[in-house]
Amino acid sequence: MPFLGVLSMFEDTYKQRGLRGKLVRKLRQKGIRNEAVLEAIGRVPRHVFFDDALLIHAYEDKAFPIGEGQTISQPYTVAFQTELLEVQPGDKVLEVGTGSGYQACILLELKAKVYTIEYNRVLYERTRAFLPLLGYSPHFFCGDGSKGLPVRAPYDKIIVTAGAPIVPEALMQQLADGGVLVVPVGGRDKQKMIRIRRKKDKITREEFDFFSFVPLLGEKGWK
Ligand code: SAM
């Protein structure tokens, strides 16, 4: 099982806390300003998501494989997307692309109600079993998040953690009034971060930096 090194799973040593503090300082230097987001990153033990062989890389600002051809996103990317999302305590947040569950933990640390959907059944099963062991319990779903999760809509915030070819229409429709959607959109290898706001029937769109995500699959994603 890749990132489930049982012995190291619950250990959060002085050294690991120190490395996490260093990572937070690095993210601040790179321009992340939201203190609540930085504090959340400072609290979630990223090393427990890593296989023992990769443990020394846990607090590097890099994406890493989590199996099934997928990745745990780079901490800067997690921080950037979370900052754009403007999470408030009590917000109902949909995350598309559960992956390792790390981003869901950050959202839970921000006191959001988190609904997370994963397309890959192996990752879904693994993360649904693992996260509660750490004390994090979002609502888990397995399915095609390119169509959102209509059964629990609307959402105050929606975050997509895989690269989409276009902004999926269903996600805009599932945004509550005043809601925010953050989604990387573009080609298979490189995408621009997009923020969409919905105010009644008015939609506004902002564009940010380029990032490199694994592709969003499914009906409204890449085939
Ligand atoms: N948020 C994750 C984390 O914290 O580890 C990182 C996610 S990884 C970069 C992207 C994830 O999106 C992968 O686990 C992939 O299987 C998932 N994915 C791709 N297409 C999807 C879809 N249509 N619906 C739901 N999940 C999808």
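**View 1. Lys190 lies over the face of Phe210, at 4.6 Å from the ring centre.** A second pair of this kind has the charged end of Lys92 over the ring of Tyr155, with 5.3 Å to its centre. A charge counts as over a ring if NZ of Lys or CZ of Arg is within 6 Å of the ring centre and within 35 degrees of the ring normal. Keep in mind that this is a predicted model, where local features need pLDDT of at least 70, side-chain atom pairs count only at pLDDT 80 or more, and totals for chains, interfaces and linings use all residues. Residues are numbered from 1 along each chain as its sequence is written, and side-chain values use heavy atoms, with hydrogens and water left out.

**View 2. Helix H4 spans residues 75-85 and is mostly covered.** Here 10 of the 11 residues are buried (under 20% relative accessible area, against over 50% for exposed and in between for partly exposed; 1.4 Å probe, protein chains only). Among them are Pro75, Val78 and Leu85. Right after H4 comes Glu86, with a positive phi near 50°. Helices are DSSP runs of H or I with at least four residues, strands E runs of at least two, numbered from the N terminus.

**View 3. Tyr76 and Phe80, both buried, sit in H4.** They are four residues apart, so about one helical turn separates them. Rings of Phe, Tyr and Trp (its six-membered ring) pair if their centres lie within 6.5 Å; planes under 30 degrees apart are stacked, over 60 edge-to-face, the rest tilted. That rule gives 10 aromatic pairs. For Tyr76 and Phe80, the centres are 5.8 Å apart and the planes at 45°, so this pair is tilted. Both also belong to one aromatic cluster with Phe208, Phe211 and Phe213.
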